[in-house]
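Biologist: Could you walk me through this one, showing the reasoning behind each term you use?

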Amino acid sequence: MSKIAGILFDKDGVLFDFQKTWGTWAAGMITDIADGDLRLAGRLANALDFDLQMQAFRPDSFVIAGTAQQVADALAAELPEWEPSALFTHLKDETARARQVEAVPLKPTLAGLKGRGLRLGVATNDTEDAAKANIASVGALDVFDFVAGSDSGFGAKPEPGMLLGFAEAMDLHPGTLVMVGDSTHDMHAAKAAGFTRVAVLTGVATAADLAPHSDVVLPNIGALADWLDSRPG
């Protein structure tokens with residue numbers, strides 16, 4: 001069993017609690033765009049598989065593992081008065097400003113992993129700029145050696161491009177690297193890239209959803225240190 005040399009994290013549902021962060025944000029975004037039109041608000045919510053009353057994404061919502069462009073495209077179908085590129089830019093700007101709810105205290109958790117000599121990165125289907133803004137908002141951007149989004153030139157998960165980009169940038173063999181994710185998209189990307197697959201439960205998917213596709217399921221990234229210590233060698 002190879003010694004772990006680096007860890008690549010998904011962002012939403014891994015570094016940040018998915019529903020507590022994006023459920024609140026989506027409710028506000030939909031209300032703002034609908035501007036009092038309740039029928040439009042309902043259509044926008046349905047386009048995202050979002051429960052507006054509960055302020056939560058439904059378990060099968062494509063948004064959970066989708067790209068920023070996919071979200072913009074789904075909303076654009078209900079907003080013919082919006083120019084698609086303007087809507088994408090609006091959503092990108094709004095997501096960059098969204099209040100992030102940390103899944104665990106991020107700075108000490110990540111600093112502890114960094115202190116082990118691990119290289120750390122982020123691979124998200126959000127945009128790179130929004131990802132950096134979200135992570136910087138909680139003072140943790142400087143901990144990461146690599147941050148890639150779906151617009152960074154590596155493609156989007158479940159394709160393995162971002163993961164292989166991290167391996168190349170860090171000059172590390174994929175067999176020494178871990179992908180931590182909250183969705184099957186993350187796990188499929190990890191398998192394709194040759195990474196160890198670690199699933200966490202701070203997204204929407206359950207342990208039953210993730211276990212068949214992962215090497216281990218942890219409650220959150222705070223459990224990574226103990227998991228690393230438990231590995232042979």
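**Two helices and a cavity**

Modeller: Happy to! In this predicted model, the axes of α3 and α4 come within 9 Å and cross at roughly 125°.

Biologist: Why is α3 called oblique to α4?

Modeller: Set the angle against the cut-offs: roughly perpendicular covers 65 to 115 degrees, and roughly antiparallel starts over 145. The crossing angle is roughly 125°, which falls in neither range, so α3 counts as oblique to α4. As for handedness, α3 passes α4 in a right-handed crossing.

Biologist: Which residues make the contact?

Modeller: From α3 come A68, Q69, V71, A72, L75 and A76, while α4 brings L87, F88 and L91. They count as being in contact because they have heavy atoms within 4.5 Å.

Biologist: What makes up this contact by class?

Modeller: There are eight nonpolar residues, one polar and no charged ones. Gln is not on the nonpolar or charged lists, so Q69 of α3 counts as polar.

Biologist: And the empty space: how do you know that something is a cavity and not a pocket?

Modeller: A 1.4 Å probe fits inside a cavity but cannot get out, whereas a pocket is open. Searching the whole structure finds one cavity of 30 Å³ or more. The largest cavity holds about 390 Å³ of space.

Biologist: What lines the largest cavity?

Modeller: It has 28 lining residues, and D12, V63, G66, V71 and D126 are the closest to its centre. Two or more lining residues come from each of α1 (18-34), α3 (68-76), α4 (84-97) and α8 (184-193). By class, the lining has 13 nonpolar, eight polar and seven charged residues.

Note on methods:
Residues numbered from 1 in each chain as written. Predicted model: local features only at pLDDT ≥ 70, side-chain atom pairs only at ≥ 80, totals over all residues. Heavy atoms only, no water. 1 Å grid on protein atoms, 1.4 Å probe; cavity = no way out; pocket = protein on both sides within 12 Å on 5 of 7 lines; lining within 4 Å. Points joined across faces, edges and corners; volume = space filled by probe spheres on them. Helix = DSSP H or I, 4+ residues; strand = E, 2+ residues; numbered from the N terminus. Axes fitted to C-alpha atoms, helices over the stretch in contact; angles between N-to-C directions. Parallel < 35°, antiparallel > 145°, perpendicular 65-115°, else oblique. Left-handed = near helix turned anticlockwise from the far one by under 90°.
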